[in-house]
Structure formats: C-alpha cells, structure tokens
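Work through the exercises below with the model open beside you, and try each task before you read its solution.

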Amino acid sequence: MTVLATREAVGSASVRPAKIVISGVTKRFQRRGDSFLALSAVDLDIAEGEFVSIVGPSGCGKSTLLYMLGGFVPASDGSMRIDGEPVSGPGLDRGVVFQEYALFPWLTVSQNIGYALDRSGRPRQERNEIVERYITLMGLRGFENSFPRELSGGMKQRVALARTFAYRPGILLLDEPFGALDAQTREIMQDELLRLWKTDRKTVVMVTHDVDEAVYLSTRVCVMSHRPGRIVEEFDIALDRSGSREEIVLTDQYRGIRNAVWMSVRRQVTESRTATA
Ligand code: ADP
Ligand code: MG
C-alpha cells in the first residue's frame, strides 16, 4: 500500500495515510455536441475524521466533485481513492445527502430512514430504536407513515439527513444539506451534525454556498474557482468548538477566518462574472 502523507500528518511523529485522495481529477461534460471542462485537475487529500467544506461560485463543479466521490459520476481523468482503493461505484461506506434530497417515493418516512439500516443487517429492535430516535430528533413525529410527496421541502430534507445520519457511514458526502431549511431548523441540524461529528469523528465532505456554515462546522474550507473548477485556496479552521454557537461566532478568531474565506469566495464570484460578461 502506498502511504501518503496528509497535510496534518506532515511534521508530526506518525504519518497516517489519507482516507480520501483525489489527484489530478478532471471532468468533461458534453453539451449540445460540444465538450466542456467542468473540473480541471483537482487535487485534495482528506484525512480520516476531517470535516472539509467546499465553497465556490455556482456552477463551478462542487456537486460534480462530490458525486464523483460518491461513485455516481466517473472522472474523465485523474484518480480518486478511498482507503487506498479506486472509487468505482457507490457503496454503503459513503452516505450521500443530495442537493435535491432524493428520497424513495414508494417508501414512508420511517422506511426511508431505516433503509440503509435494513441493508446493513442491524437487529430489528436496534433498527427500530434508531429510526424512532431520528423521528423525534428531526421533528418528524406524526409523519412516520407519510410518503415523501406529502411532505414540504424542509421535511424531505430532514428525512434525507436522518436516513444518512442514522446508519453512521464512515464518510458523509453532503451537498448543500441544509439549503431548504428555515434558519432556525438549519441551526438545529448544523448543531446535530457537529455533535455527530464530535462523537463519531466521521470523515465529512460538505458542499455549501454558506460561508458561515462552512467555517462554523469544518476543520478545513476549500475554495473553488469558477469554471473549470479547481481548488484555489484552503483555510485550516482551528476553532475551539467547546462553547455554544453564540460564544463561538462572537470570537475574533471566528470572525477573522470567516472574513478571509468570504473575501476569497467573493474574488472567485467576481472573476466568474467578469469571465462570462
Ligand atoms: P455546482 O454544484 O458548483 O453549482 P455542478 O457540479 O452542478 O456545479 O455543475 C458544474 C457544471 O457542469 C455546470 O455548468 C453544470 O451545468 C454542468 N453539469 C453538471 N452535470 C452535468 C451533466 N450531467 N451533463 C452536462 N453538464 C453537466
Ligand atoms: Mg451544486
């Protein structure tokens, strides 16, 4: 096995292999007979237990990169490895929350949440307890037997989050997971994600356009350029997260990093407007 040094491990006594290694990944799409470059030579190493957010202008290829990691979209060039193995398709080691919160329309709320738990062979009682816990946690009580078409956008998104959180995959791939929620529910869900990450130390890759959300939750924020997307800047977020949200967001440290990331994203958005004008 090739042992690749991660950014965190460099200079430390033990060199851990990265959990996710993306090298030279390029993606071309066909549009009206033409081929265009959506992603250009993306390199990114992610260590086990890191929480990495990807931010950047709309259309820069964030979702595409995440879906390639999920194994749904093949790369045109370059390689993606997880635990040393090339990504060749979707798997239960990766839990994906799609931007459009894809639920199974023929399953009820409870059945959607229990779906991966059923497939991972949990004992019935444990499976039911987990589903019940998430029904309560996500405010879905009373809707256990409803079908996705009967739910609002925000509720569907909560079911999608519950379905993924409940079976605790080693890697969480989240595409704007809180986008459809009202501000208050969004904060509750963000804190639930942070709590899960603190207790389980899963590896998280999250796409978001919300800089505050990225800085509040992540250990590293990667800023992508406008199309073709590349990672142009990375910020290590060494925040003390022991306090409450109110305490954290008022610290000079939080505000300093938040402003730096915001300026970086704004530069990319401005350049994309100039490029397409
Ligand atoms: P983001 O999530 O950053 O907004 P996407 O990854 O969704 O961006 O898309 C990047 C670019 O690739 C966009 O121009 C989009 O229209 C295009 N694209 C995405 N998926 C496909 C596809 N399956 N076929 C053709 N073009 C696509
Ligand atoms: Mg997207």
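The exercises that follow deal with a ligand site, with pairs of helices and with two backbone details.

This is a predicted model, in which local features need pLDDT of at least 70 and side-chain atom pairs count only at pLDDT 80 or more, while totals for chains, interfaces and linings use all residues. Residues are numbered from 1 along each chain as its sequence is written, chains are lettered from A and ligands numbered from 1 in the order in which they are written, and side-chain values use heavy atoms, with hydrogens and water left out.

**Exercise 1.** Find which residues surround ligand 1 and are the closest, and which polar atoms of Thr64, Gly61 and Arg227 lie by its oxygen atoms.

Solution. Begin with the shell, where a residue counts if one of its heavy atoms lies within 4 Å of the ligand: there are 14 such residues, and the closest are Arg31, Gly59, Lys62, Ser63 and Thr64. Next look for polar contacts (pairs of N or O atoms within 3.5 Å). An N or O atom in the side chain of Thr64 is 2.6 Å from an oxygen atom of ligand 1, a polar backbone atom of Gly61 is 3.0 Å from an oxygen atom of the ligand, and a polar side-chain atom of Arg227 is 3.2 Å from one. Finally, consider the area, computed by the Shrake-Rupley method with a 1.4 Å probe: ligand 1 taken alone exposes 570 Å², of which the protein buries 65%.

**Exercise 2.** Decide how helix H2 (109-119) is placed against helix H3 (124-137) and against helix H4 (153-166).

Solution. Helices here are DSSP runs of H or I with at least four residues, and axes are lines fitted to C-alpha atoms, with angles from 0 to 180 degrees between N-to-C directions. The axes of H2 and H3 come within 10 Å and cross at roughly 135°, which makes H2 oblique to H3. The axes of H2 and H4 come within 7 Å and cross at roughly 25°, which makes H2 roughly parallel to H4. The cut-offs are under 35 degrees for roughly parallel, over 145 for roughly antiparallel, 65 to 115 for roughly perpendicular, and oblique for the rest.

**Exercise 3.** Locate the cis peptide bond and the positive phi in a residue other than glycine.

Solution. Most residues other than glycine have a negative phi, and most peptide bonds are trans. The cis bond joins Arg227 and Pro228, with omega about -5°, and Asp83 has a phi near 50°.

Conventions. A polar contact is a pair of N or O atoms within 3.5 Å; within protein, one must be able to donate a hydrogen and the other to accept it, and residues adjacent in sequence count only if both atoms are side-chain atoms. Helices (H or I, at least four residues) and strands (E, at least two) are DSSP runs, numbered from the N terminus.
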